[in-house]
Amino acid sequence: MMQNRDMNIAVLTGAGVSAASGLSTFRDTGGLWEQYRVEDVATPEAWLRNPERVTEFYNKRREQLEHAAPNAAHRALVELESKAAVHIITQNVDDLHQRAGSARVLHLHGELTWVRCCGPEQVRRYWGTRPVDLLSQGCANGHPWRPDVVWFGEEVPRMDEAYPLVETADLLLVVGTSLQVYPAAQLAYAALGRIPVHVFDPAPLSISGRNLVEHHRGPADELLPCWVETFVP
Ligand code: BV8
């Protein structure tokens, strides 16, 4: 049996892990992509075309986040750290994993609570969940603040850090993601067949290689705490 210090667990999370905290997912019924077109609010072209509309979209999510708290799924992943070395790789831009107390959180797609300027220096600044006012706020050089997130069509630079975390993992948990977005989804496939993969999601499995996956079908805030409690490294 592996000792705590030997067991590496990688956890790939998506919007579903924050659903019980009241944050909208993207592709579920009533999700964000039913309310907005990706092309209008989550691409560099959308920003150039209508920065006010993009800023409003992210200000609404900042406001949602202001009133959200970590749920039992986030807390279970913190509890898991007493049994193994846990590395969270999240597609989410919320800060609920950090607020729950997770020690190692890698944000593949950036963070809602940070902004960066559009100037060549790409100054980054912690912003929290207060709204950005494009008209009156910008960096010291006068460039507007954009959300410090990865939009569709933009490179995902932190994949270089994420792959080794999966490649050196002894176990992968996939929690609350439809695995529709690349290259993030590749991380799940990089583990298939090499290490055990556990999926926590109420939806049918979207990952091929079903026989290589254990599907815990249901809400992560209900199933993950039980799994962590009974998990023996
Ligand atoms: C890039 C921004 C190249 C911040 C996001 C290969 C194949 C196909 C397409 C592509 C490909 N390679 C690239 C693409 C294009 C594109 C892409 O993947 N398109 C898809 C949609 C077809 N990818 C890109 O553009 C990426 N960039 O490849 O650049 C490049 C290279 C070099 C130089 C220049 C360019 C960039 C992708 C990042 C986009 N930004 N977010 C923000 O606004 O949030 S992605 C967005 O989707 C979020 O980050 C989100 O996290 C992510 C994934 O969604 P999910 O988290 O999975 O959420 P979803 O709603 O889909 O699913 C929720 C799940 O939870 C469901 O399964 C549901 O059942 C479950 N659930 C619900 N409740 C619960 C639950 N589970 C558990 N418990 C519950 N209670």
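**Figure 1. Gln-137, a partly exposed residue in a loop of the predicted model.** Gln-137 counts as partly exposed, because its relative accessibility of 26% falls between the limit of under 20% for buried residues and that of over 50% for exposed ones. The structure shown here, as in every figure that follows, is a predicted model. In the chain, Gln-137 is found in the loop that lies between strand β5, residues 124-126, and strand β6, residues 145-149.

**Figure 2. The surroundings of Gln-137 in the predicted model.** When residues up to four places away in sequence are left out of the count, Gln-137 touches Trp-127, Arg-130, Pro-131, Val-132 and Trp-145. Among these partners, Trp-145 belongs to the stretch 145-149 that forms β6, the strand at one end of the loop in which Gln-137 is found. The side chain of Gln-137 also reaches the backbone nitrogen of Asp-133, at a distance of 2.6 Å.

**Figure 3. Ser-21, a buried residue in another loop.** Ser-21 has its place in the loop between strand β1, residues 8-13, and helix α1, residues 32-35. Ser-21 is buried, because its relative accessible area is 13% and the term applies to values under 20%.

**Figure 4. Polar contacts and neighbours of Ser-21.** The side chain of Ser-21 reaches the backbone oxygen of Ala-69 at 2.7 Å, and it also makes a polar contact, at 2.9 Å, with the side chain of Asn-71. Both of these partners appear again in the list of residues that Ser-21 touches, which consists of Ala-68, Ala-69, Pro-70, Asn-71, His-74 and Leu-96 when residues up to four places away in sequence are not counted.

**Figure 5. The whole chain, as a setting for the close-up views.** The chain holds 9 helices and 9 strands, and its C-alpha atoms fill a box of roughly 60 × 35 × 30 Å along the principal axes. For 233 residues, a compact globule would have a radius of gyration near 17 Å, and the 18 Å of this chain agrees with that value. Of the 233 residues, 50% count as buried, and Ser-21 is one of the buried residues. Among the contacts in the chain with a separation of 6 or more, 63% join residues that are 24 or more positions apart.

**Figure 6. Surface and charges of the chain.** The accessible surface of the chain comes to about 11,100 Å², and carbon and sulfur atoms account for 51% of that area. The chain carries 21 positive and 29 negative charges, and the mean positions of these two groups are 1 Å apart.

Terms used: Residues are numbered from 1 along each chain as its sequence is written. This is a predicted model: local features need pLDDT of at least 70, side-chain atom pairs count only at pLDDT 80 or more; totals for chains, interfaces and linings use all residues. Side-chain values use heavy atoms; hydrogens and water are left out. Helices (H or I, at least four residues) and strands (E, at least two) are DSSP runs, numbered from the N terminus. Buried means under 20% relative accessible area, exposed over 50%, partly exposed in between (1.4 Å probe, protein chains only). A polar contact is a pair of N or O atoms within 3.5 Å; within protein, one must be able to donate a hydrogen and the other to accept it, and residues adjacent in sequence count only if both atoms are side-chain atoms. Contact means heavy atoms within 4.5 Å. The radius of gyration is taken over C-alpha atoms; the globule rule is 2.2 Å times the number of residues to the power 0.38. Accessible areas come from the Shrake-Rupley method with a 1.4 Å probe; for residues, only the protein chains shown count as cover. Lys and Arg count as positive and Asp and Glu as negative; His and the chain ends are not counted. The place of a charge is taken as NZ of Lys, CZ of Arg, CG of Asp or CD of Glu.
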